[in-house]
Amino acid sequence: MIMDQGIAAVGCGILGILLAASIIGAVLSRTASSDQARATVANLNARVRAWWMMCALVFCALIAGTIATTILFALLSFLALREFITLAPTRRADHHTLFWAFFIIIPLQYWFVASRWYGMMAIFIPVWAFLFVAILVQLSDVFQYVWGKLLGRHRIAPHLSPNKTWEGFLGGVATATGIGAALWWMTPFTPLHAAGMALIITCMGFCGGIVMSAIKRDAGVKDFGAIIAGHGGVLDRIDSLCFAAPVFFHLVRYQYT
Amino acid sequence: MIAGLIRLVTGAQARWVGCTPGLRQRIYFANHSSNLDGPTIWASLPNQVRARTRPIAARDYWEKGPLRRWLAHAVFHAVLISREKITAGNNPLVAMETALAEGASLIIFPEGTRTVDEDTGMNPFKPGLWHLARRHPEVELVPVHLENLNRILPKGDVLLVPLLAAVTFGTPLLLQEGEDKLAFLERARGAVAALAVEEA
């Protein structure tokens, strides 16, 4: 099977890198002279050991099959959510909702994933096809801003986002669609299909931005965070992607598998 | 094994900022916001230390039902004390001092009951800690701060939300010569609160 060969090839590559890292670590731990160097090397070796564990875990799961891989990813989601919610401010009233998120929603989501064979399909789509989405969505945002600043007159959703205009929306979508068509060679699509995909992606991206704006309005904040200078939080930057990526995923699945 | 399970559920990370784990006889005193508090401190101690450390717990809660009773007696070796109808016969201090005399370390919650909201701060400490400190100067008093446990299992709930708890052990406290009860209790409370600031 192609999948197995792919895993084997990637596995050999990673094995080689890990072996090299371990050998380098062992050599360094013998040559390190100062206390500071020894501490650094000890930390390096601890990291390498952790990488061995993580890689072994992922590869065991992949070899064991879809169910094992799905369970692994479900656990990772669970732990990531645990870390995120620990840092996020929650109220006493959220307690039961959080219980649901951890013990009902995540398991249910991954049960869907396992039973519908979605995980496998993602592997068959070349990774750079996803790059296509990310690039187009961000370009579309930029061009909407540019066209809006140049020609913007008529507001599209004055209550939610005063800066979004019809001129910006149409100009941005048209430009990004053209660029999408020009990038057809990095996708499994024909140029015409690529243009269609780009059109859908950018429209969905726009919807994502509007919805996230509404959430921000409701919470009385301007941005989700302040981690990216000039943009706000991470979620402010990927709000369009949140909507565009799943739609792209399902369209590709529908048409190309 | 139960200790491992508690650590798994609460994700408790023990941080020894003011002292190191040791077999010396100690009284760990902490803020109280969840029924998991005592078990979590107990579970975050190293095996040998845990074996000789007993949480002080409310009899009315831990004697209810066979599971709680089994946990309290067979697993935690808790010192159960009454919270109501205190008489000379069931004075909580007597039970605590008996356990100390037997060489056990103790986990106590001087607030007496769980604080509902961590943001409002701790309740005033009850005088038991002062009495113990006065009568047992050889025992180290270690402030402990618990974080997030009221979000994992709040008062009045039975559903666990698996967030990550933190257990911080501070610098042992000594009763100063001539220090009066209120001043000492306030200082002890401040020591626990200071650990909360250190975490943030």
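## Chains A and B: folds, cores and contact

Of the 257 residues in chain A, 19% are buried. The model is predicted, and the description below begins with the helical chain before turning to chain B and the contact between the two.

**Chain A**

The secondary structure of chain A consists of nine helices and zero strands, so that its elements read α-α-α-α-α-α-α-α-α from the N terminus. Where contacts in this chain link residues at least 6 apart in sequence, 56% of them join residues at least 24 apart.

Helix 7 of chain A covers residues 166-182 and has 17 residues. From its first C-alpha to its last, helix 7 reaches 24 Å, close to the 24 Å expected at 1.5 Å a residue. The buried residues of helix 7 are A:Gly168, A:Phe169, A:Gly171, A:Gly172, A:Val173, A:Ala176, A:Thr177 and A:Gly180.

Helix 9 of chain A (residues 234-256) contains A:Gln255. With 11 other C-beta atoms within 10 Å, A:Gln255 is exposed. A:Gln255 and A:Phe189 lie 66 residues apart in sequence, and their C-alpha atoms are 10.0 Å apart in space.

**Nonpolar cores**

In soluble globular proteins, nonpolar side chains tend to be buried together. The largest nonpolar core of the model holds 54 residues, of which B:Phe29, B:Leu129 and B:Val144 touch the most other members. Helix 9 of chain B (residues 181-199) gives the most to this core, namely six residues. A second, separate core has 22 residues, including A:Val173, A:Leu183, A:Ala198 and A:Ala244. A:Val173 is also one of the buried residues of helix 7 of chain A.

Leaving aside residues up to four places away in sequence, B:Leu129 touches B:Phe29, B:Ile108, B:Pro110, B:Leu185 and B:Ala188.

**Strand 3 of chain B**

Strand 3 of chain B (residues 53-58) is largely enclosed by the rest of the structure, because six of its six residues are buried. Both faces of this strand are covered, with buried B:Thr53, B:Pro55 and B:Ala57 on one side and buried B:Arg54, B:Ile56 and B:Ala58 on the other.

Strand 3 runs parallel to strand 5 of chain B (residues 105-108), to which three bridges join it; in strand 5, B:Ser105 is the bridge partner of B:Thr53. Three bridges also join strand 3 to strand 4 of chain B, again in parallel, and in strand 4 the partner of B:Ala58 is B:Ile81.

**Positive phi in chain B**

Most residues other than glycine have a negative phi, and most peptide bonds are trans. Two residues of chain B with a positive phi are set out below.

| Residue | Phi | C-beta atoms within 10 Å | Exposure |
|---|---|---|---|
| B:His77 | near 50° | 16 other C-beta atoms | partly exposed |
| B:Asn148 | near 80° | 22 C-beta neighbours | buried |

Each residue is placed in a loop: B:His77 lies between helix 5 (66-75) and strand 4 (79-81) of chain B, while B:Asn148 lies between strand 6 (140-147) and helix 8 (149-152) of chain B. B:Asn148 counts as buried because its 22 C-beta neighbours inside 10 Å meet the cut-off of 20 or more.

**Contact between the chains**

Eleven residues from chain A and ten residues from chain B take part in the contact. On the side of chain B that touches chain A, six residues are nonpolar, two are polar and two are charged.

Technical notes
Residues numbered from 1 in each chain as written. Chains lettered and ligands numbered in written order. Predicted model: local features only at pLDDT ≥ 70, side-chain atom pairs only at ≥ 80, totals over all residues. Contact = placed C-beta atoms within 7 Å. Nonpolar A, V, L, I, M, F, W, Y, C, P; charged D, E, K, R; others polar. Core = buried A, V, L, I, M, F, W, Y, C linked by C-beta atoms within 7 Å. Buried ≥ 20, exposed ≤ 12 C-beta atoms within 10 Å, placed from the backbone. Helix = DSSP H or I, 4+ residues; strand = E, 2+ residues; numbered from the N terminus. Expected span 1.5 Å × (residues − 1). Pairing = 2+ DSSP bridges.
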